[in-house]
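Please examine the sequence and the structure shown below. The explanation after them is written to be read alongside both.

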Amino acid sequence: YHNNHLEGLFRVLREFSVEKIWVNGTQPEISGYQTLKILAAQHRIPMVPIEFGEALDWGDELGVRVFHPPPGQKKTSKEQNASSIALLVRYGMVGAFFPGDLPAEDQSALAKNFGKNLKFQIFKIPQQGAKAAFNKEFWATRDPQGLSVLSVGKDNPYGYPEKAVWEWLEKVGKPVLRTDQNGNIEIHVGGKTSNDLSWRIDRSL
């Protein structure tokens, strides 16, 4: 958990009906997490710790699989990135991978253990393009014809994305879009084939 990540979740909990919240099992002493617990209690939403192997399925077409954290991992509040929940969301033949802020070494382990079966067309680049969370081996598991999205604030104080990461993405990783330059990115998934998806920039949102 990080406060800047959790802030976007608060509005979701206030405005939408949420059945449960998947959490990584840590108990960080940060204000955002305390607010999350209060909102969950107010709306009677259970907070459920999860790990690799958990799944949600809505019929034959839509499903979610948890690839991280691994079973039995020692969870500490000080190492939140290493406890990131990594999800593969699949609709039909199209997959989208959301790695949270998973460190590069953990991505490497996923590539080694699941690389042959871990194919996805949409990739949310972890940790706003930080070098510590970028792994070329894991990157290679994505569909080269798919889309990668870098969610990063304009003129952010961390200097993300880091120069080395962005230069590599521009050279090798296309197509890749970033929110600080492109604005809002809409992705439409049909799912009938692995390339049945499209995207557009929408600056009206």
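The paragraphs that follow treat a helix pair, then the pockets and the cavity, and lastly some points of backbone geometry.

The model is a predicted one. A convenient place to begin is the pairing of helix 1, residues 3-15, with helix 2, residues 31-42. Their axes come within 9 Å and cross at roughly 15 degrees. Angles under 35 degrees count as roughly parallel, and helix 1 is therefore roughly parallel to helix 2. The handedness of this crossing is left-handed. On the side of helix 1, the contact is made by Asn3, Leu6, Leu9, Phe10, Leu13 and Arg14; helix 2 contributes Ser31, Gly32, Tyr33, Thr35, Leu36 and Leu39. Sorted by class, the residues of this contact comprise seven nonpolar, four polar and one charged.

Helix 1 also takes part in the largest pocket, to whose lining it gives the most, with seven residues. This pocket holds about 1600 Å³ of space. Its lining consists of 38 residues, and those nearest the centre are His5, Leu6, Leu9, Ile85 and Gly100. Leu6 and Leu9 thus appear in the lining of the pocket and in the contact of helix 1 with helix 2. Besides helix 1, the elements that give two or more residues to the lining are strand 1 (21-23) and strand 3 (55-58). The class composition of the lining is 19 nonpolar, 15 polar and four charged residues.

What lines the second largest pocket? The residues are Val89, Tyr91, Val94, Gly95, Ala96, Phe98, Ile122, Phe123, Lys124, Val149, Ile187 and Val189. About 190 Å³ of space lies in this pocket. The elements that supply two or more of its lining residues are strand 5 (86-91), strand 6 (94-98), strand 7 (120-124) and strand 10 (184-189). Of these, strand 6 gives the most, with four residues. The lining divides into 10 nonpolar residues, one polar and one charged.

The structure also holds one cavity of 30 Å³ or more, and the space in this largest cavity is about 30 Å³. Around the cavity lie Gln107, Phe123, Pro126, Ala133, Phe134, Asn135, Phe138 and Trp139. Six of the lining residues are nonpolar and two are polar, with no charged residue among them. Phe123 is named in the lining of the cavity and also in that of the second largest pocket.

The backbone deserves separate attention. Most residues other than glycine have a negative phi, and most peptide bonds are trans. Where do the cis peptide bonds described here occur? One joins histidine 68 and proline 69, with omega about 10 degrees. Proline 69 belongs to the loop between strand 4 (62-68) and strand 5, and strand 5 is among the elements that line the second largest pocket. Another cis bond runs from tyrosine 160 to proline 161, where omega is near -5 degrees. Proline 161 is placed in the loop between strand 8 (142-150) and helix 5 (163-172).

A further point of geometry concerns glutamine 127, a residue other than glycine whose phi is positive, near 50 degrees. Glutamine 127 sits in the loop that runs between strand 7 and helix 4 (136-139). Strand 7 was met above as one of the elements lining the second largest pocket.

Technical notes
Residues numbered from 1 in each chain as written. Predicted model: local features only at pLDDT ≥ 70, side-chain atom pairs only at ≥ 80, totals over all residues. Heavy atoms only, no water. Axes fitted to C-alpha atoms, helices over the stretch in contact; angles between N-to-C directions. Parallel < 35°, antiparallel > 145°, perpendicular 65-115°, else oblique. Left-handed = near helix turned anticlockwise from the far one by under 90°. Contact = heavy atoms within 4.5 Å. Nonpolar A, V, L, I, M, F, W, Y, C, P; charged D, E, K, R; others polar. 1 Å grid on protein atoms, 1.4 Å probe; cavity = no way out; pocket = protein on both sides within 12 Å on 5 of 7 lines; lining within 4 Å. Points joined across faces, edges and corners; volume = space filled by probe spheres on them.
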